[in-house]
Each structure stands twice: as C-alpha cells, then as structure tokens.
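Welcome, and thanks for opening your viewer. Please load the model, switch on a cartoon view, and get ready to select as we go.

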Amino acid sequence: GAMAILSFQLVLGAELDEDAEFERAVALAAEADVAVVVVGTTAEVESEGFDRTSLALPGRQDELVLRVAAVNPRTVVVVNSGAPVLLPWADKVDAILLAWFPGQEFGNALADVLLGTSEPGGRLPTTWPARGDGLPAVTPTDGTLTYDEGLFIGYRHYDRAGLEPLFPFGHGLGYTTFAFEEAEAEPTDAGAVLSVAVRNTGERPGRTVVQVYASRPDSAIERVQRWLVGFAALELGPDEQGTARITLPERVFQHWDTTASAWALEPGTYNLQIGPSMASTELTAEVKLA
C-alpha cells in the first residue's frame, strides 16, 4: 500500500515592530565606539535552481546601513552573500568586509578578522557593479536567452563599455600594503614565464594576488581589450620582497580559429599588464611569440 508521509512545521516567535527595532539599532549605534552592521542575502533570495530578480539587498538593509552610518562615522558593514549585490552606501561607511556565506564558524572567523588576529586576504573573483542597469541581459525572451555579449563577458564587459564598477575583478584590501616593483617576461618553447617582484610596504604580514592581463592592440582578429592570462598569490612579511613566477602557456595567447575548428596563435608581440587587480595594473612587459 501507499506510505503516508506526515510533516509539520512549528514556528515560535514574537511579532517584531520593525520601526521600533530600527530606532533601537540606530540609538545603540550612536552610543557605540564602532558599529558593525551585518547585511546579506538568504537561501530564499539566492540559491541554486532559480535566478535573483534584483541585485539589491532584500528588505530595508540599505536603509539600516545609511541610518547607522549617519550617527556613527566608524561603521563597518559585513556583507554575507554568495554573489555580487548592490552597495549604494559604499562611500558612506568606514569599511566593508565581504564574508561570502561562511557557514557555522562565521562568528569566530568574523571576530578574528575584525580584531586583527587574522588577515582578510581574499580578492574578488567577480566584478561588483555600481548599478543594476547597463549589465548583460539575464531575462529570457520567449524561453530563449541570447548571449549577445560574445567574448565580452564578466570583467571584459566593463572594459568595452567603459563602465566604472563599484569594485573591480581582483580588488581586495588587507591590513598591510604592497608595491609591485618590477616585471620581466621571458619567452619559452611553450609560451613565456613572467617574474614579478613585489614588496610588502606595511607593518604586518599579508597576502596579495598578482594578476596578469594580455592585450594585442594591432590584432588582425576580434579580441577583447585585455584578458586574464595568469595569476599567483604571494604571502610576505613586513618589508619583505618576494618574486612571483607565473607560467604563461602558449594556449592563453591563442584564439579559436572557426575555419580550422582549432586553437591558433597569431604571431607577434603581446603586451602584458601586471597588478593586484583589473583596475590597478602598474607594471607592463612584452612577450614576442612566433
């Protein structure tokens, strides 16, 4: 016979007066030395199997941040989300810490980072837009989503459109600073090897990521303005210099030849831009490939 499956849900909780809670939060923030506001999304808003209808933080979270920041100049906002969200108040708060979805150890990890025990050493693997408009379409028409952007996906879209993102691909601050001092590229039989000298110019140990972009302005084929060809992480102590050696295989310089249905290399000189993020490539190098 058929098996009966019974389930029930029990929800307990007092009815919250949202406005009263807002006023209480603002009053507490006004009296505090530092205000820490945690905002974000939940599995109801952001998960697998469905798309978000907006990049905005749900509810009145933006309003809460603005109200707290207005009464406390030392406001830290912790963003608990799994993907980019809009942060219209970014220039009105002292610090923003992106926590992603950190799981059950969130509280301990957050305390370690805020108290300086641990370095917030992550870097953005995505571009965070300043606004929701001007982005590639994500809404299907008659059940079909056309990828009109072609090669210009992700960070490449911003380069072509001349858009200023809120935070660029690769961006991230820590508790120390770094200087990218020198870059040298050497061709090899299978591409090139790039050496990048970086110095920790601060007073604390820290981690930085070296990003390498290639461009080919005089190309005979359609290309993006620049594309990521390699990266490496460096952990350095105070005033320590280190060298990142990044292998750039020939494949990263190749394009897809639609006639031959194979990867092909356009011989000539490729320009390299090197830095900690898409928006900060201070060093340049060249590599000539035949």
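## Stop one: N80

Start by selecting N80, which counts as buried because its relative accessibility is 18% and the cut-off for buried is under 20%. Keep in mind along the way that you are looking at a predicted model.

N80 belongs to strand β2. Now show what surrounds this residue: leaving aside residues up to four places away in sequence, N80 touches V38, V39, G40 and T41, along with W100, F101, P102 and F106. Try a distance label between N80 and F106: the two C-alpha atoms are 9.5 Å apart in space, while the residues are 26 apart in sequence.

## Stop two: the sheet

Which residue of β2 is the bridge partner of G40? Select G40 and you will be led back to N80, its partner in β2.

Next, colour β1 and β2 (residues 75–80), which pair in the parallel sense over six bridges. Add β3 for the whole picture: the three strands make an open sheet with parallel pairing, in the order β1-β2-β3. The edges are β1 (35–40) and β3 (95–98), each of which pairs on one side only. Look along the sheet to see its twist, which averages 20° from one strand to the next.

Now bring in helix α3, residues 106–114, which packs on the sheet and touches β1, β2 and β3. The direction of α3 makes about 145° with that of β2.

## Stop three: the largest pocket

Switch to a surface view and look for the largest pocket, which holds about 910 Å³ of space. To centre on this pocket, select I96, L97, L98, P120 and L173, which lie nearest its centre among the 33 lining residues.

Which element gives the most to the lining? That is α3, with five residues. β2, β3 and α3 each supply at least two residues of the lining.

## Stop four: N200

Finally, move to strand β5 (residues 191–200) and select N200 in it. Is N200 buried or exposed? N200 is buried, with a relative accessible area of 0%.

Show side chains here and you will find a polar contact of 2.6 Å between those of N200 and T176. Then expand the selection to what N200 touches, not counting residues up to four places away in sequence: T176, T177 and F178, then P205 and G206, and finally L236, G237, P238, D239 and E240.

Key. Residues are numbered from 1 along each chain as its sequence is written. This is a predicted model: local features need pLDDT of at least 70, side-chain atom pairs count only at pLDDT 80 or more; totals for chains, interfaces and linings use all residues. Side-chain values use heavy atoms; hydrogens and water are left out. Helices (H or I, at least four residues) and strands (E, at least two) are DSSP runs, numbered from the N terminus. Buried means under 20% relative accessible area, exposed over 50%, partly exposed in between (1.4 Å probe, protein chains only). A polar contact is a pair of N or O atoms within 3.5 Å; within protein, one must be able to donate a hydrogen and the other to accept it, and residues adjacent in sequence count only if both atoms are side-chain atoms. Contact means heavy atoms within 4.5 Å. Two strands pair if DSSP finds at least two bridges between them. Axes are lines fitted to C-alpha atoms, for helices over the stretch in contact, and angles run from 0 to 180 degrees between N-to-C directions. On a 1 Å grid over the protein atoms alone, a cavity is a set of points where a 1.4 Å probe fits but cannot get out, and a pocket is an open set with protein on both sides within 12 Å along at least five of seven lines; lining residues have an atom within 4 Å of a point. Grid points are joined across faces, edges and corners, and a volume is the space filled by probe spheres set on the points.
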